[in-house]
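This report looks at how two chains meet. Please keep the sequence and the model in view while reading.

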Amino acid sequence: MCDTCGCSTEGGAVLRKPGQSDYHVHVSDGEHGHTHTHDEHHTHDIGHHHQEGTSRKVVIEQDVLQKNNLLAERNRGYFEARNIFALNFLSSPGSGKTSLLEKIIPPLHQRIPVAVIEGDQQTTNDAERIQALGVPVIQINTGSGCHLDAAMVNRAFKELDLQDNSLLCIENVGNLVCPALFDLGEALKVVIISVTEGDDKPLKYPTMFHEADLCILNKIDLLPYVDFDVSKCRENAMRVNHHLEWFELSAKTGEGLAAWQQWLEDKLAQH
Amino acid sequence: MHELSIALSIVEAVELKAQEEGGGKISGIDLVIGKLAGIVPESLRFCFSAASKGTLAEDAVLAIEEPEGVGECGECGMKFPVTFYYAECPECRSLRIKIISGEEFSIQSMTIEEGEES
């Protein structure tokens, strides 16, 4: 149950803004509703009747994720029309997605508008960190959900007042499994791993690395203290995805950050 | 647990279709889930029973076909079975493999019950 308005948030995400405790929007408000909502009257009285007669096969041939994929394409079209470069940041919890955004946004947003969508199960902690940078941010709290989907992002960017020719960073829920399957309409997927994780991570969670466009290895300042083989990790990632672009950096010390910043600037210029 | 939101989208899709087709109860759903699709069929079955409660698909039996992964070599064109996203061509040892089957994830058809109620 939603703790603000008391309505059911089972399976539904809520948008929040940092510092505005009275602001909250349910993603399903005014959007698609499931046909089995609580106010639906049941037309079939199970147990009182039993059906006799024939059964009939109906051909569907529809991709299970079709609805999400179609909405993601609508998002993509919207972003393209307004020349908004949207990046979907994916990683395990604690790999440094928010820290990386805190590093790259300040030098960028002097010249180009930046907006951020933050995804977490609960709290506006990450959105507060981004808001401190002075850029528009909205938090999606997925509740029990383990990933962002295209409908949540669609609803979120409508609340954000995006500008033309801008950068939109979408920080997904920290999870290396589920978000891989849900297209949000982004231009590119960025997967982040840190050296405190295992160098076999790309092999253990291949779907994510298979779907990603680039991989950032974060926290390289900790390499002397951990048992992490960078070249092995890179090789594992490349085996799963030959087209993966690869960067090594430390969001904390700034080491290696310039190369990725340059990549981002180039992409924004080409976009 | 992305299987739960996936189960919900399956229920939503088949219920919509069943209503278009006259609103009969759904007794069976045929799904194709490739071995490389990133979906665990057992987990999906578990979530489906929760997701379909109170809907036309409540009693539907899931029939799941699981096609094997097939890769195609980008160098020599050889097609061969794969169990993972990376593979080596058994013919020319190339690693430039494109997955051509095994990532399917679709609702093929469903069975609707119709006829007179007694």
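Two strands count as paired if DSSP finds at least two bridges between them. In this predicted model, strand 3 (residues 55-63) of chain A and strand 6 of chain B pair over 7 bridges. The sense is antiparallel. Within this pairing, which residue stands opposite A:Asp63? The partner is B:Ser106, in strand 6 of chain B.

The contact as a whole draws on both chains. Chain B brings 46 residues, and chain A brings 39 residues. About 3,900 Å² is buried between the two chains. Carbon and sulfur atoms give 55% of that area.

Polar links also join the chains. The count of salt bridges between chain B and chain A is 4. One salt bridge is made by the side chains of A:Arg56 and B:Glu21, at 3.0 Å from N to O. Polar contacts link 15 residue pairs across the two chains, with both residues at pLDDT 80 or more.

Now the chain B side. Helix 1 (2-20) and strand 6 (105-113) of chain B each supply at least two residues to the side that touches chain A. Helix 1 of chain B gives the most, with 13 residues. The classes of residue on this side of chain B are as follows.

| Class, side of chain B touching chain A | Count |
|---|---|
| Nonpolar | 20 residues |
| Polar | 13 residues |
| Charged | 13 residues |

In short, the chains share an antiparallel strand pairing, and 4 salt bridges are counted between them.

Notes: Residues are numbered from 1 along each chain as its sequence is written. Chains are lettered from A and ligands numbered from 1 in the order in which they are written. This is a predicted model: local features need pLDDT of at least 70, side-chain atom pairs count only at pLDDT 80 or more; totals for chains, interfaces and linings use all residues. Side-chain values use heavy atoms; hydrogens and water are left out. Contact means heavy atoms within 4.5 Å. Buried area is the accessible area (1.4 Å probe) that two parts lose on being put together, summed over both. A polar contact is a pair of N or O atoms within 3.5 Å; within protein, one must be able to donate a hydrogen and the other to accept it, and residues adjacent in sequence count only if both atoms are side-chain atoms. Helices (H or I, at least four residues) and strands (E, at least two) are DSSP runs, numbered from the N terminus. Ala, Val, Leu, Ile, Met, Phe, Trp, Tyr, Cys and Pro count as nonpolar, Asp, Glu, Lys and Arg as charged, and the others, Gly among them, as polar.
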